[in-house]
Amino acid sequence: MKIQESRENYLETILILQNRNGYVRSVDIAREMGFSKPSVSRAMSVLRKAGSVVMEDSGLITLTDSGRKIAENIYARHRLLTSFFISLGVNTQTAAEDACRVEHDISEETFERLQVYMEQSGKK
C-alpha cells in the first residue's frame with residue numbers, strides 16, 4: 001500500500017469513527033482497520049508530525065482542519081464510488097471494497113465527471 005493511500009485510509013477511518021462514536025482512540029482505529037495497536041501508534045505519530053491529527057493527553061484523537069479536509073474528500077469519493085458500483089449491479093460489500101481501492105487513485109477530473117453523471121442520473 002502506498003504511503004499516501006495509507007494516510008488517507010487512517011484519516012478516513014478517524015472521520016468515520018468520530019461521526020459514529022463522537023470520539024476516537026487508537027484502540028478504536030486498530031479495531032476498525034484490523035491493525036495492531038503498535039502499527040496504529042506509529043501511524044498516529046506520522047500523522048501528528050504531518051499536522052493531520054492532534055492527540056490529547058487523554059488519548060483522544062482529533063483531525064486538524066487539514067486532516068479533516070483530506071478525510072472528507074476521500075470519504076466523499078468512497079461513498080460516491082460505492083453508489084456508482086452498486087448502481088451497476090455490484091453487491092454492496094464488493095462495491096465498498098472496490099471503492100476503497102479506487103478512491104485513492106481516481107483523477108479529480110474523472111471523479112468530477114462521475115459526480116455529474118450520478119447527479120444527472122438521480123443516483124447520488
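## A friendly walk through the pocket and the cores

The largest share of the lining of the largest pocket comes from α1, which gives four residues.

Biologist: Happy to look at this predicted model with you! Which elements give two or more residues to the lining of the largest pocket?

Modeller: Good place to start. The lining is made up of 15 residues, and Glu12, Thr13, Ile16, His78 and Cys100 lie nearest the pocket's centre. The elements that give two or more residues to that lining are α1 (3-21), α2 (26-33), α4 and α5 (92-102).

Biologist: If I wanted to set up a probe there, what volume does the largest pocket have?

Modeller: Let me give you the chemistry too. By class, its lining has seven nonpolar, three polar and five charged residues. The volume of this pocket is about 320 Å³.

Biologist: Glu12 carries a charge, so to speak; is Glu12 buried or exposed?

Modeller: Glu12 is found in helix α1, and it touches Ala71, Ile74, Tyr75, His78 and Glu103, leaving out residues up to four places away in sequence. Its relative accessible area is 5%. Buried means under 20%, so Glu12 is buried.

Biologist: How far apart in space are Glu12 and Gly67, C-alpha to C-alpha?

Modeller: In sequence, Glu12 and Gly67 are 55 residues apart. In space, C-alpha to C-alpha, the distance between them is 9.1 Å.

Biologist: And Thr13, which residues is it in contact with, leaving aside neighbours within four places in sequence?

Modeller: Thr13 also has its place in helix α1, and at 11% relative accessibility it counts as buried. Setting those sequence neighbours aside, the contacts of Thr13 are Ile29, Glu32 and Met33.

Biologist: Ile29 sits in α2; which residues in α2 are buried?

Modeller: Just after α2, Gly34 takes a positive phi of about 75°. Within α2 itself, the buried residues include Ser26, Asp28, Ile29 and Ala30.

Biologist: Now the interior. Which element gives the most to the largest nonpolar core?

Modeller: That core has 16 residues, and those with the most contacts inside it are Tyr10, Ile14, Ile29, Met44, Val53, Ile61 and Leu63. Two or more residues come from each of α1, α2, α3 (37-49) and β2. With five residues, the element that gives the most is α1.

Biologist: How many residues are in the second, separate core?

Modeller: Its members include Ala95, Phe111, Leu114 and Met118. The count for this second core is ten residues.

Biologist: Back to Val53: which residues does Val53 touch, not counting those up to four places away in sequence?

Modeller: Val53 is among the residues with the most contacts inside the largest nonpolar core. Beyond the sequence neighbours, Val53 touches Leu11, Ile14, Met44, Leu47, Arg48, Ile61, Thr62, Leu63 and Thr64.

Biologist: What is the distance from the backbone oxygen of Gly51 to a polar atom of the side chain of Thr64?

Modeller: Thr64 lies in the loop between β2 (61-63) and α4 (65-87). Apart from neighbours within four places in sequence, Thr64 is in contact with Gly51, Ser52, Val53 and Val54. From the Gly51 backbone oxygen to the polar side-chain atom of Thr64, the distance is 2.6 Å.

Biologist: One last threonine: is Thr92 buried or exposed?

Modeller: Thr92 has its place in helix α5, and its C-alpha is 7.6 Å from that of Thr82, ten residues away in sequence. Its relative accessible area is 54%. The cut-off is over 50%, so Thr92 is exposed.

Notes. Residues are numbered from 1 along each chain as its sequence is written. This is a predicted model: local features need pLDDT of at least 70, side-chain atom pairs count only at pLDDT 80 or more; totals for chains, interfaces and linings use all residues. Side-chain values use heavy atoms; hydrogens and water are left out. A polar contact is a pair of N or O atoms within 3.5 Å; within protein, one must be able to donate a hydrogen and the other to accept it, and residues adjacent in sequence count only if both atoms are side-chain atoms. Contact means heavy atoms within 4.5 Å. On a 1 Å grid over the protein atoms alone, a cavity is a set of points where a 1.4 Å probe fits but cannot get out, and a pocket is an open set with protein on both sides within 12 Å along at least five of seven lines; lining residues have an atom within 4 Å of a point. Grid points are joined across faces, edges and corners, and a volume is the space filled by probe spheres set on the points. Ala, Val, Leu, Ile, Met, Phe, Trp, Tyr, Cys and Pro count as nonpolar, Asp, Glu, Lys and Arg as charged, and the others, Gly among them, as polar. Buried means under 20% relative accessible area, exposed over 50%, partly exposed in between (1.4 Å probe, protein chains only). A nonpolar core is a set of buried Ala, Val, Leu, Ile, Met, Phe, Trp, Tyr and Cys residues joined through side-chain atoms within 4.5 Å.
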